[in-house]
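The exercises below ask you to read strand pairing, burial and helix packing from a set of coordinates. Please try each task on the structure before turning to its solution.

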Amino acid sequence: MVRGETFPVFQPWKEGKSVLLAKNTWPEIKQRIERGLETVLIPLGSTEQHGPILPLDNDIFNAVQICIRAAMKSEKALVAPPLCYGVSGHHMDFPGTISITPRTFIECLKQIAISLHKHGIKNVLFVTCHGGNLTAMKTAVWELRQEYPNLLCAAIHPYVFSASYMDKVRESEPGGLGSDRVAHTCETETSVALYLRPEEVRKQHIIKEISPLAKGKYTKSDPLIPGVSIYFGLRTSEVSATGVMGDPTKATAEKGEKIVEHIVNGLVDLIDSLSEIRSKIFKRGPNFSV
Ligand SMILES: [Zn+2]
């Protein structure tokens with residue numbers, strides 16, 4: 001049983017210490033920073049519709065799970081409390097969705113990162129499983145970089161780490177996955193849910209819905225479709241009646257386990273690479289004489 005093998009080792013505590021930032025006391029955090037802690041992961045939500053199949057907390061649940069597993073494995077990072085809301089205005093036609101504006105989201109991210117940086121944290125990784133947050137996350141990272149040159153931030157959509165795996169195993173037809181090989185309640189997301197918490201997947205409602213626009217040469221994002229992706233900012237209800245975008249009938253827990261494994265390993269490697277990235281970035285500067 002997949003969960004039985006996975007969850008006994010899934011404890012955010014190790015040797016009396018927790019990778020959850022908020023489970024520490026301030027002297028414990030102070031000591032960790034003095035002993036070399038540089039990196040904090042921040043799981044970023046959404047609370048948004050995922051069709052009739054997955055709960056509204058799908059994206060933040062996955063982000064938290066992934067961040068904790070990566071922090072446990074790397075032993076070089078803590079996980080900050082998650083932000084359960086994100087930029088989900090395009091899903092607002094579906095009941096239960098809660099959205100905040102990009103500007104509010106950006107300011108939240110900046111204030112969280114600045115707080116951590118004031119205590120000596122050097123690297124802040126924003127991790128979201130909701131692609132709709134990415135543009136605002138990149139703006140937050142950009143604005144932080146202008147003001148805090150010793151703070152290294154990153155906007156991460158962790159499915160980038162499982163994209164090459166999905167290229168090998170995907171069964172969805174062209175148009176069924178998007179860039180980074182994830183769409184919405186698709187083969188990828190539903191596989192992850194079947195692995196992480198199968199009891200919350202409404203299996204009786206698993207249906208495929210692929211919009212004709214997802215196959216359009218200018219409106220596609222799936223690399224299997226020829227053409228180029230042009231951003232039109234369409235609302236979900238303009239491309240999907242159910243809120244599903246993709247083919248969750250092809251989802252399996254086994255694929256989900258591999259996707260999570262690729263993502264966690266990718267995040268751990270990224271955490272391990274941060275000091276090298278910092279050393280290459282901060283030594284550079286204008287250097288030319290006439
Ligand atoms: Zn999602």
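Two strands count as paired if DSSP finds at least two bridges between them. Helices (H or I, at least four residues) and strands (E, at least two) are DSSP runs, numbered from the N terminus. The model is a predicted one, in which local features need pLDDT of at least 70 and side-chain atom pairs count only at pLDDT 80 or more, while totals for chains, interfaces and linings use all residues. Residues are numbered from 1 along each chain as its sequence is written.

**Exercise 1. The sheet**

Task: Determine in which order the strands form the open sheet, and which strands stand at its edges.

Solution. Step one is to follow the pairing of strand E3 (residues 39-44) with strand E5 (residues 123-128), which is parallel and runs over 6 bridges. Within this pair, Val40 stands opposite Val124, and Leu41 stands opposite Leu125.

Step two takes the other partner of E3, strand E4 (residues 77-79), which pairs with E3 in the parallel sense over 3 bridges; here Thr39 stands opposite Ala77.

Step three goes from E5 to strand E6 (residues 152-156), where the pairing is again parallel, over 5 bridges. Val124 has Cys153 as its bridge partner in E6, and Phe126 has Ala155.

Putting the pairs together gives an open sheet of 4 strands in the order E4-E3-E5-E6, with parallel pairing. E4 and E6 stand at the edges with a single partner strand each, so one side of each has no neighbour in the sheet. From one strand to the next the twist averages 20°, where axes are lines fitted to C-alpha atoms, for helices over the stretch in contact, and angles run from 0 to 180 degrees between N-to-C directions.

**Exercise 2. Helices on the sheet**

Task: State which strands are touched by helix H3 and which by helix H4, and which β-α-β units are right-handed.

Solution. Begin with packing, for which two residues are in contact if their C-beta atoms, placed from the backbone, lie within 7 Å. In the sheet, the bridge partner of Phe126 in E6 is Ala155. H3 (residues 58-74) packs on this sheet and touches E3, E4 and E5, with its direction at about 160° to that of E3. H4 (residues 102-118) also packs on the sheet, touching E3, E5 and E6, and its direction makes about 150° with that of E5.

Then trace the connections: E3, H3 and E4 make a right-handed β-α-β unit, as do E5, helix H5 (residues 134-147) and E6. A crossover is right-handed if, with the strands pointing away from the viewer, the path from the first strand over the helix to the second runs clockwise.

**Exercise 3. Burial in the strands and in H4**

Task: Decide whether the residues of E3 and E5, and Arg103, are buried or exposed.

Solution. First fix the criterion: a residue is buried if 20 or more other C-beta atoms lie within 10 Å of its own, exposed if 12 or fewer, and partly exposed in between, with C-beta atoms placed from the backbone. In E3, 6 of the 6 residues are buried, so the strand is largely enclosed by the rest of the structure. In a regular strand the side chains alternate between the two faces of the sheet. Thr39, Leu41 and Pro43 point one way from E3, and Val40, Ile42 and Leu44 the other way, all of them buried.

E5 is likewise mostly covered, with 6 of its 6 residues buried; Asn123, Leu125 and Val127 point one way from it, and Val124, Phe126 and Thr128 the other way.

Finally, Arg103 is found in H4 and counts as exposed because it has 11 C-beta neighbours inside 10 Å.

**Exercise 4. Helix H7 and the loop before it**

Task: Describe how the axes of helix H7 and helix H9 cross, and where Arg181 and Thr185 are found.

Solution. The axes of H7 (residues 187-196) and H9 (residues 253-282) come within 7 Å and cross at roughly 95°. That makes H7 roughly perpendicular to H9, since angles under 35 degrees count as roughly parallel, over 145 as roughly antiparallel, 65 to 115 as roughly perpendicular and the rest as oblique. Residues of H7 including Val192 and Leu196 take part in the contact, which on the H9 side involves, among others, Ile259 and Val260. In H7, 10 of the 10 residues are buried.

Arg181 and Thr185 both lie in the loop between helix H6 (163-169) and H7. Arg181 has a phi near 60° and is buried, with 25 other C-beta atoms within 10 Å. Thr185 has a positive phi of about 50° and counts as buried, with 29 C-beta neighbours inside 10 Å.
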